[in-house]
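Colleague: I would be grateful for a close look at one part of this model, namely the places where the backbone takes an unusual conformation. Please describe them one after another, together with their surroundings.

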Amino acid sequence: MRIPLSSPDISEADIEAVVEVLHTPRLSIGPKMEAFEAAVASYTGVPYAVALSSGTAGLHLGLAALGVGEGDEVIVPSFTFIAVAHAVLYVRARPVFADIDPRPLNLTPESVARAITPRTRAIIVVHTFGCPADLDPILEIAARHGVRVIEDACEALGAEYRGRKAGGIGDLGVFGFYPNKPITTGEGGMLVTRDGRLAETIRALRNQGRRAADGWLDHTLLGYNYRLSEINCALGLSQMHRIDAILAQRENRAACYREHLRMVSELTLPVFEIAAGRVCWFVFVVRLAECFTQEDRDAIVTYMETRGIGCGRYFAPVHRQPLYAAYADRDASLTVTEQVAARTLALPFFNRLTDGEIAEVCGTLKDAIDSVRGDP
């Protein structure tokens, strides 16, 4: 693709930070990991952070540390990346899909309330595309039912909700650092929490079940190898030094898109401002008008790609994936998810996207829409 869907922003300082680690004998469980954890904890306003191999690992270990297991239910959105539901199956629990708001594309408190049963143990609230979910009503529902809340903030490092950083509000929060995220470690994630005992358990689970007091060959818990190397942590720590500048740059790129597309009547643009907080710009996802079909959307993607412009179909509903067919009996109320998912389109979005590239993307998108509509 001449203009890719995403591209990591790696500076010379980032490269030097990684090379510095390679000159040391410590490539895992070392000072860079501790410094990276401390930086994310400080930034999100929580006392504990645990570096992990991915955001998916964070969701898995978060559920495991909360004691969620076989026979339990976990409420999740269907309009999300499939890792959210996978993590529930990892602990042998059952995902229960709830519907979303058509504008911010996050779980609604009403859908969560309808989905709760006596078997519900946790709710995974995703801050979709970096737009913070309306957490307070969901936290109130969870408290009434004795249910724990996990924030999937993998797309939302830097987002804010009522003066608090996303990820640091529920029982625990999870961030992801895949190359398309605002900051990257190549592969990696971070779990944050205010609960020291949870943090201690998760540290043990990521390291083959070793508690802090265990020897290297002693294993108190059934654990996993979910460690994040010093190399990855060095990159993440270096990027955290410029997180504010990165977020401002991405906000600027989103504003540039808005200027080009705000008069295109066939499109609904993403939420730019919310009264209760701040959006973190992870991707730029537009939605086609209701007169367009999923086939129209896919034809637009093909049109863009043949012209060298990357696009994404974000997201395919998880409850329609073959693996989750067995859970479809609870999905009658997912009408918003299905309507939205058929018409969403992610446009190229990354830190160093230029004004000229945005103009080309928007011009080509308008041509693609005209082509699908049959306009000359």
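Modeller: The following account treats the backbone first and then turns to a sheet and a surface patch. Please bear in mind that this is a predicted model.

As a general background, most residues other than glycine have a negative phi, and most peptide bonds are trans. Against that background, Phe129 has a positive phi, near 60°. Phe129 belongs to the loop that runs between β4 (120–126) and α6 (135–145). Its relative accessible area is 8%, so Phe129 is buried, the cut-off being under 20%.

Gln208 also has a positive phi, near 60°, and is likewise a residue other than glycine. Gln208 is placed in the loop between α7 (196–206) and α8 (230–240). With a relative accessibility of 32%, Gln208 counts as partly exposed.

The next feature concerns a peptide bond: the one from Tyr314 to Phe315 is cis, with omega near -10°. Phe315 is located in the loop between α10 (294–306) and α11 (335–341).

Turning to the sheet, three strands make up an open arrangement in the order β7-β6-β11, with antiparallel pairing. Its edge strands, β7 (164–165) and β11 (277–278), each pair on one side only. Two bridges join β6 (residues 160–161) to β7 in the antiparallel sense, and Glu160 has Lys165 of β7 as its bridge partner.

Finally, Ile10, Ile15 and Val19 form a nonpolar surface patch, with about 210 Å² of accessible area together. Of these, Ile10 lies in the segment before α1 (12–22) and is partly exposed, at 34% relative accessible area.

Methods:
Residues are numbered from 1 along each chain as its sequence is written. This is a predicted model: local features need pLDDT of at least 70, side-chain atom pairs count only at pLDDT 80 or more; totals for chains, interfaces and linings use all residues. Side-chain values use heavy atoms; hydrogens and water are left out. Two strands pair if DSSP finds at least two bridges between them. Helices (H or I, at least four residues) and strands (E, at least two) are DSSP runs, numbered from the N terminus. Patches are made of residues with over 30% relative accessible area and no salt bridge: like charges are joined within 9 Å, nonpolar side chains (Val, Leu, Ile, Met, Phe, Trp, Tyr) within 5 Å. Accessible areas come from the Shrake-Rupley method with a 1.4 Å probe; for residues, only the protein chains shown count as cover. A salt bridge is a side-chain nitrogen of Lys or Arg within 4 Å of a carboxyl oxygen of Asp or Glu. Buried means under 20% relative accessible area, exposed over 50%, partly exposed in between (1.4 Å probe, protein chains only).
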